[in-house]
Amino acid sequence: MTGSIAPESKYWPRKRYFELYDESVRHPEEFWAEEARQLDWFRTWDKVLEWDLPFARWFVGGELNASYLCVDRHIATARKNKVALYWEGEPGDTRVLSYATLYREVNRCASVLKNLGVVKGDKVALYLPMIPELPIFMLACGRIGATFTVVFSGFTAQALADRINDLQAKVLVTADAGYRRGSPVPLKRTTDEAMDLSPSVEKAVVVNRAGLDVEMKSGRDFWYHHLLSEASDHVDPEPVEASHPLYVLYTSGTTGKPKGVVHSTGGYMVYNHSAFKWVFDAKEESVFWCTADIGWVTGHSYIVYAPLAFGATSVMYEGAPNYPDLGRWWDIIQTYRVNILYTSPTAIRMFMQAGEEWSAKHDLSSLDLLGSVGEPINPEAWLWYFKHIGGERCPIVDTWWQTETGGILIAQAPAIELPPLKPGSASFALPGIDPQVVNEKGEPTAPGERGLLIIKKPWPGMLMTLYGDPERYKEVYWSRFPGSYYTGDYAIQDEEGYFWLLGRADEVLKVAGHRLGTLELENAAVAFGPVAEAAAVSKPDPVKGEAIVIFAILREGHEPSSALEKELNAHIRSTVGPIATPERVFFVKKLPKTRSGKIMRRLLKAVATEAVIGDVTTLEDGASMDEVKAAYEALRKEI
Ligand code: WTA
């Protein structure tokens, strides 16, 4: 088998990139309809797009089912016995699911949900480790038309409860534990705490992953394996209208409250199917491995929905990349003969720092394409990845996108035409995507000039709204540049039209590729008794991209000490999660503010990074140079 995995269509086989791109943006509706026809629909749409700015409905009146697309449609073909999922647990246990066995598992799981009373339109929260039951529950929810939210299993009880409460989830699915760095991390305990704070949860399902003894509340908590014994082997997929919400995924923004990004079923599935096809150029026999956790959008789109909708083989690994040692990932690639590896710059920098002897010990010759996502990739890490992992033979696709965009928007698209690679640039927009770099006034910037990235046309994978808050949706994404989607990212387009994505322009941090809002961190810090006021900024980190630095003012009666710093760190860690652990805390007497009362964050950042004053004075809006200078000097003296 060597043929392309992509179905034939008017635009396939390959047309040169620019020709295809041009056609796609000139006739977007015709173009997206052609892409949508590559999926199976129970009912064809009446209208490709209803655009009531900024609310888009794609494939209006069309009916489909995400679980049908990911499993049912393959079991009627030769893919029935193909591997859908190679799973490896951290302790070394493995599970291999063919499309036929995945189909059975998804049906039985859907039956369990139905028996618990879950019906179309109900909300389900999934707080699971990286075990096959996570994609199985996602697919089972979609099968019966229940909308789910996956909560990253590293989040705390409070973070879990906030998400459950916002969504009003009726059922919560968890496990006794998940493995991380050699020991089981208890999850059921955390969900017990969360459920005390979330009255909407009527029932909890517990998957037995680690054989731990956990407390089960009678009438509320049920072991999954007990429920399975009464499950039926077949549940009809429920056709849903294209705009039916498939899932809500919470992500950080510029306010303290995480945003519930709502993704549709039709537009999301169509867009992901297309983006996967263009960017990863998978062949029928390809083994695809996206190393993200399913708790983040990358795992949703590129471990579960896109590869499975394609009938590709996807790899899933439960644990830490350095367990039992730094050779683990390379061992997985060698074992499963992985062809396409999709990972983050943070992971690459971690391996780079550890040295190439770990990967050199393994046979990585199966690889033929590498991908990067989540943060800007610095050229040094790019070159290391290219040389030591890809053996100077595999192109790297640098994929830019966001939780809100549903799938990759800007990246090399080798399935169409591979452009000459420039380390650190994500190159061009995918077909149908219309990005532009603009200045503060919304005017296009000159080549090479830094500006803000906007998207000028709606696309099928875009979020539909923010859960329960359409006003916030309008304000966050559509008010700054009316008529266009504001990404919140800085970018440059060079002389040859290549996009260079430069990181966030707003108060969102990217720590090891994970999104964190400064306000979330500040709220967590001031919830710690001794802290009166706090500001969170980031400083560059050689591995994590950005590291968190907190400036805190203490209440009367508290003195700065390293013990207090440790306590504050532990408090933030237990409120937001381990990924939010600050790298450094500075206790100060005063936080520099502009006349309008805004914290001078860029100045704090300059102080944290020990930048020279010359680089700082022009950085704050609404503050005079003297004010900034004085605040800077005062702060430097204090710390
Ligand atoms: C950043 C992750 C540079 C960007 C899929 C964006 C990137 C944010 C890249 C979204 C890339 C993602 N190059 N920056 N290839 N990919 N980003 O929602 O700042 O977790 O706005 O989605 O990650 O993060 P999110």
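This dialogue walks through a ligand site, a sheet and one helix residue.

Student: What kind of model is this, and how are residues numbered?

Tutor: It is a predicted model, where local features need pLDDT of at least 70, side-chain atom pairs count only at pLDDT 80 or more, and totals for chains, interfaces and linings use all residues. Residues are numbered from 1 along each chain as its sequence is written, and side-chain values use heavy atoms, with hydrogens and water left out.

Student: Which residues come nearest to the ligand?

Tutor: A residue is near a molecule if one of its heavy atoms lies within 4 Å of it. Here 17 residues surround the ligand, and Thr399, Thr403, Arg504, Lys510 and Arg515 come nearest. By class, the shell holds six nonpolar, five polar and six charged residues. Asp, Glu, Lys and Arg count as charged; Ala, Val, Leu, Ile, Met, Phe, Trp, Tyr, Cys and Pro as nonpolar; the others, Gly among them, as polar.

Student: Where are polar atoms of the protein paired with the ligand?

Tutor: A polar contact is a pair of N or O atoms within 3.5 Å; within protein, one must be able to donate a hydrogen and the other to accept it, and residues adjacent in sequence count only if both atoms are side-chain atoms. A polar backbone atom of Gly374 sits 3.1 Å from a ligand nitrogen. For Arg515, a polar side-chain atom is 2.7 Å from a ligand oxygen. The protein covers 96% of the 530 Å² of accessible area (Shrake-Rupley method, 1.4 Å probe) that the ligand has on its own.

Student: What is the strand order in the open sheet?

Tutor: Strands of a sheet pair through backbone hydrogen bonds, either parallel or antiparallel. Strands are DSSP runs (E, at least two residues), as are helices (H or I, at least four), numbered from the N terminus. Two strands pair if DSSP finds at least two bridges between them. The seven strands here run β5-β4-β17-β16-β18-β19-β20, with mixed pairing. β5 (94-98) and β20 are at the edges with a single partner strand each, so one side of each lacks a neighbour in the sheet.

Student: How do β16 and β17 pair?

Tutor: They pair in the parallel sense over three bridges. Trp289 stands opposite Val315 in β17.

Student: What does Glu565 touch?

Tutor: Contact means heavy atoms within 4.5 Å. Glu565 lies in helix α17 (residues 562-576). Not counting residues up to four places away in sequence, Glu565 touches Arg584, Val585 and Phe587. A polar atom of the Glu565 side chain lies 3.4 Å from the backbone nitrogen of Val585.
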